[in-house]
Structures are given as C-alpha cells and as structure tokens.
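The paragraphs below lead through one protein model, one part after another. Keep the structure in view and find each part as it is named.

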Amino acid sequence: VHVYWAKAKAPGARKSEECRFFVRMLVFPSDASTNANGEVDQSSAEQMLLEAIASLELVTADRKYSASSNHLFVNFVDQHIEINSMKELLCRTASLYFPRLRGLALAGSEIRFKSLRNGTLVPLRCFMKNPTGFCLQVEMLYEVVDGSGAVVLEPIETFIMQENSLRLQSTGLPHSPRMGPCLATAPLPLLSPLENKRLRAHALNTTYVYDWLTVFDVAVRGMWQRWIEGRTDMETLAALCPETPVSAAEMVLSPNDGFVPVTRPPGLNTVGMVCWDVTLQLPSRCQLECTSTRIVIVANDISFQSGSFALGEDHVFAAACRFACQHALPLVYCASNSGARIGLAQDVKEVFQVAFTQNDSPESGVDYLYLTPDQHKRFQGSVLSEEVTVKAGVCHKLTGVLGEG
C-alpha cells in the first residue's frame, strides 16, 4: 500500500480544498485467496479493501496534514472477479462501512480487476463516487484498445447504491454519466469548480444546493423499496417502480421577467437561489399504482457569496412563489443561508476617495468618503451625496450607496 499527500499547483488553489490523500494498493495473486472457479474470494477481496481503508485512516489521523476529497485505488493484478460478485462486494462494503468512509472524506474510489467478456478475461474498472454524502454512484467500464492503439474506457452500466442495493442510475438528475477519465491512462484531474463548491457546503455542515435533487431521489427510492417490501403478497409491485422516480427542470428568470425552464450543468447559477419544477413518481397505497406529484423546490446556494441573499435572490424566490401559486403546486424551501448581503457596491468601492480629518495625515482619521464631479456623474442614481466645496474645487460627499440589484 502506498499513500501520497498531494497539493494542487493551480494558481489560487485553496489549501483546505486542494490537498488530498491518494491511497494506491496492488493486490497480487499470492495476496488473495481464490475459489474453485479461480475467482478471487469475496471475503479475501473485502479484506484487501479494508486494508486500504485502514491505511487512509492512519494518515488522516496525523494532524500535520489537512486533506479532503481523498481518493483510493485498488488494483487486483491479473485476478478474476465477476461483475455480479463485485456488485455484491460493493453492497456489503458500503452498507457496513458507509459512515466510516464518509468520515475519511473519501470522495472517490477505483477498483481494477479482470472479468469474463465473450469467454476472455479483460480488464475492468469500477469507479465509485459519493459526491452528496447520501448515496454511492458506481460506474463500471471495460478497458479496450481503440483504433489508434490507446487504452480507453468503454461504459458498461451505472448504478446508484442506496439502502444496501444497487439500482440503475436515474437519468432525470443532473449528474454526469462520465465519472472516470476517457483514457485509462489519463491522470486524475484537479477538483472541478463544482466539487470545490460542494466541499465549501460540506465544511459548513450543509448540503450543496444542486445535491438536493439527489436527496429527494434517495428518499423517493426508499419509499418505493419500503412499499414493495411491506407487501410481499403482491409480486407485481416491483414492476410499478419507475426507473426515474424524480425528474426536474431548473427554472430561471428570463430577460422579460418571465420564469422559464433552462437546461444547463449544475453550478452555473448567477445568484444564490436555485429553483426547480420537480415531478415525483410516488407509490399510492390506496390504488396500488404509481402516482405523479409535481412540486416546486427552491434552495439557497451556500457557496455563492457565503450564502447571503440580496435583490437577485429575492427576485428568484418571489418568482418561485408566484409560479407555485399560479399552478397550485406545493413549494418546498430548503433554507441554508447567512442572512442579508450587506456591503458597498463593488463599482463604487473601486473609485471612491477618502477625505481625512487633517489633509495629508491619514492617522488623523477619516472625515468622509467622496466622489469627484466626473465620478458622481457616472454613478448618479446609484449614490446619495452632498456637494462639498473644498480647496481643490467641488466634490460629492457620499451619504448613501444604492447599488444595482
């Protein structure tokens, strides 16, 4: 087992967000026991994974290093594990050690092994991510050689693991289906802006705004599972469970003050308030059928301006309320904010000048802030001021800043 502590070299990288542990483990045939079919025994494979996790626990306990969004890679060198066996191993490992893994800030894991494909053993990668902290996203891919001779990754299937089971990932949520690099030999990328925002939210013990849809998806899937398990007398209930129990369209303000759906990747919001028109496919206990329920979800983005809100956020929230009232829809508000945004307009802040109590003596204290006549003309309507006559001429003493939005 090799453990590396890495620090990003990107300009402006934040220490708490760009320092990570990378655990790398090679498992040779002599290290793991096999069954009669030559396949790695599940208990032996689980023991190897636990050794890698224990190594990460050991280094994270050292206060000399700060790290988050850690990564684990286990390579079963030239060893055979069937896909279904790997799924069972992931279910067992995550169900038993999920809180432990989350406490280690393990954001991503990767397992490499060989599996049968058309009668031939071929390398396979299993990528795992837990971006929201509520469910595990699993993607399996074959390593194949393309026409140019490069080793690339060919997707097999993607799952969400929740409540000790692997389910096909919902396509209605804004998650990228590509969790691993396209090239098998590609280096791991730095944390994306979206991942940095998510880390800032987690550091404040809250959920990142675009992860709320995943929270609802996990909750609805749990409702379906409990409903199916509670009615063992009806075998047809499982067929009613939809593949996509939660679908959502993000709503934004249009230039003409409308409220319209938009298709865009997560994290591109320009204000600290996000809204969705959401459709939930819920089980109906009375009619024993799937019912469609439409709601409006509006949430604060704690990673935008420290979660504060001003007129921009106000406009989105008001539009969401009007939209819900017009369509007679329930509105769910996921609140996570730091209150009203109080501060000086940035454009004014960059140009105002300071008049000291005694000229050319800053230590005497500030008398007032002012704008020159040209500057005042530029910001007329955005500031409140009083005309003051000084030796150099006329200036405009600031008494208030209105700003824009």
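The model is a predicted one, and it holds 8 aromatic pairs. In one of them, the ring centres of W5 and Y65 are 5.2 Å apart and the ring planes meet at 55 degrees, so this pair is classed as tilted. The reason lies in the cut-offs: planes under 30 degrees apart count as stacked and planes over 60 degrees apart as edge-to-face, so the rest are tilted. W5 sits in strand β1, which covers residues 2–7, while Y65 sits in the loop between α2 and β3 (70–80). The two residues are 60 positions apart, and their pair links distant parts of the chain.

The loop that holds Y65 follows α2, so turn to that helix next. Helix α2 spans residues 42–60 and packs against helix α3, residues 83–103. Their axes are 10 Å apart and form an angle of about 30 degrees. Angles under 35 degrees count as roughly parallel, and α2 and α3 are therefore roughly parallel to each other. The crossing of α2 past α3 is right-handed. On the α2 side, the residues in contact are Q42, A45, E46, L49, L50, I53, A54 and E57. On the α3 side, they are S85, E88, L89, R92, T93, L96, Y97, R100 and L101. Sorted by class, this contact has 9 nonpolar, 3 polar and 5 charged residues.

Further along the chain is an open sheet. How many strands does it have, and in what order? It has 5 strands, in the order β10-β9-β11-β12-β13, and the pairing is mixed. The edge strands, β10 (259–262) and β13 (331–334), each pair on one side only. From one strand to the next, the twist averages 35 degrees.

The sheet can be followed from the β10 edge. β10 and β9 run antiparallel and are joined by 4 bridges; in one of the pairings, F259 in β10 is the bridge partner of L253. These two strands form a hairpin with 5 residues between them, and D257 in the turn has a positive phi of about 65 degrees. β9 also pairs with β11 in the antiparallel sense, over 6 bridges, and here M251 stands opposite C275 in β11. At the other edge, β12 (residues 289–300) and β13 run parallel, with 4 bridges joining them. A299 stands opposite C334 in β13. Mixed pairing can thus be seen in the antiparallel run of β9 and β11 and the parallel run of β12 and β13.

A helix also belongs to this picture. Helix α5 (residues 212–230) lies across β9 (246–253), β11 (273–284), β12 and β13. Relative to β11, α5 runs at about 5 degrees.

The last part is another open sheet, with 4 strands in the order β14-β15-β17-β16 and antiparallel pairing. Its edge strands are β14 (353–358) and β16 (383–390), and each of them pairs on one side only. On average, neighbouring strands here are turned by 50 degrees against each other, direction ignored. At one edge, β16 and β17 (residues 393–401) run antiparallel and are joined by 8 bridges. Within this pairing, E387 has H396 in β17 as its bridge partner.

Key: Residues numbered from 1 in each chain as written. Predicted model: local features only at pLDDT ≥ 70, side-chain atom pairs only at ≥ 80, totals over all residues. Heavy atoms only, no water. Axes fitted to C-alpha atoms, helices over the stretch in contact; angles between N-to-C directions. Parallel < 35°, antiparallel > 145°, perpendicular 65-115°, else oblique. Left-handed = near helix turned anticlockwise from the far one by under 90°. Contact = heavy atoms within 4.5 Å. Nonpolar A, V, L, I, M, F, W, Y, C, P; charged D, E, K, R; others polar. Pairing = 2+ DSSP bridges. Phe/Tyr/Trp six-rings, centres within 6.5 Å; stacked < 30°, edge-to-face > 60°.
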